[in-house]
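User: Please take a close look at one part of this model for me. I want to see how one helix packs against its partners.

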Amino acid sequence: MTDLKKKTQAELPDDDDEAVPHQPRPRRKGIYVLPNAITLAALFSGFYAIVMAMNGRFEVACIAIFCSAVLDSLDGRVARMTNAQSAFGEQMDSLSDMVSFGAAPALIVYIWAFKDMGKLGWIPSFVYIAGAALRLARFNVNIGVVDKRFFQGLPSPAAAAIVIGMIWAFDDYGFQRVTNLPWVVWTAFGMTLFAGLSMVTNAPFYSFKVVGARRTVPFVVLVAIALAIVLISQNPPLGLFAIFCAYGLSGYVIYFWRKAKGRPVSMIATSTDDPDEQGLHR
């Protein structure tokens, strides 16, 4: 009987073990290879685009920027899937974005259209690169308080896609030496200013972050995706340019629609605990 009692007591869990839950081992503050390798590949694509533009190969430069945008969309997802997020990776991603979607498009469009305008040609390129820097800095500061359904201002990859898509579309239609075509130069002037200034506006641009495999969407969304795929497949330069121009205008449509309805237009949440909350500052 005594042995049975001892055995029963030994099998019972200790009160201290139940009171203190198992603490997971803290993650190392190191550098993760896979997501940062993808970020470096995106950075190289931006660098490669600048080199190709300097050699007059604008089509290759445009393709490189779009490849950088694809890689930029992957590094964060890979980091979350592999549980490899780190402060180093976040800073690396921001610096890569500044090169690929800030400096590279500004230099490419300057070489393509503005180099014969003198100092006047500096204006749109500098406005664009300054807008990209301010956009990325504001994004890093407000990342915890912005409604995750929207971006505050045009995202830098989308702004780069507007400028680079314009260059690719013109180049695809045979406009090679556009510095001798004033109407093309001034079109590029206006589009570059639009993209640069849109990055620092407060207009809400849909982020698509809440759309995933586990969320249902209206049937019309699938139809729109199918139409976009068909449009891009028929003429990739013009299709991508048209899609990103439509996205660049969508933020202003949402802004004025919410304004007309009397709804809040600011995407800054009143609480950092729940960015999806309905109460937003005006």
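Analyst: Start with the residues that touch. In this predicted model, helix α6 offers Ile 123, Pro 124, Ser 125, Val 127, Tyr 128 and Gly 131 to the contact with α8. From its side, α8 brings Phe 189, Thr 192, Leu 193, Ala 195, Gly 196 and Leu 197. Sort these residues by class. Eight are nonpolar, four are polar and none is charged.

Now the geometry. Two packed helices are described by the angle and the distance between their axes. Here α6 covers residues 122-142, and α8 covers residues 182-198. Their axes come within 8 Å and cross at roughly 20°. Angles under 35 degrees count as roughly parallel, so α6 is roughly parallel to α8. The crossing of these two helices is left-handed.

Stay with α8 and turn to its contact with helix α10, residues 236-260. The axes of α8 and α10 come within 11 Å and cross at roughly 50°. That angle makes α8 oblique to α10. The crossing of α8 and α10 is left-handed.

Which residues make the contact of α8 and α10? Met 191, Phe 194 and Ser 198 come from α8. Phe 241, Cys 245, Gly 248, Leu 249 and Tyr 252 come from α10. By class, that contact has six nonpolar residues, two polar ones and no charged ones.

To sum up α8: it is roughly parallel to α6 and oblique to α10. No charged residue takes part in the contact with α6, and none in the contact with α10.

Terms used: Residues numbered from 1 in each chain as written. Predicted model: local features only at pLDDT ≥ 70, side-chain atom pairs only at ≥ 80, totals over all residues. Heavy atoms only, no water. Axes fitted to C-alpha atoms, helices over the stretch in contact; angles between N-to-C directions. Helix = DSSP H or I, 4+ residues; strand = E, 2+ residues; numbered from the N terminus. Parallel < 35°, antiparallel > 145°, perpendicular 65-115°, else oblique. Left-handed = near helix turned anticlockwise from the far one by under 90°. Contact = heavy atoms within 4.5 Å. Nonpolar A, V, L, I, M, F, W, Y, C, P; charged D, E, K, R; others polar.
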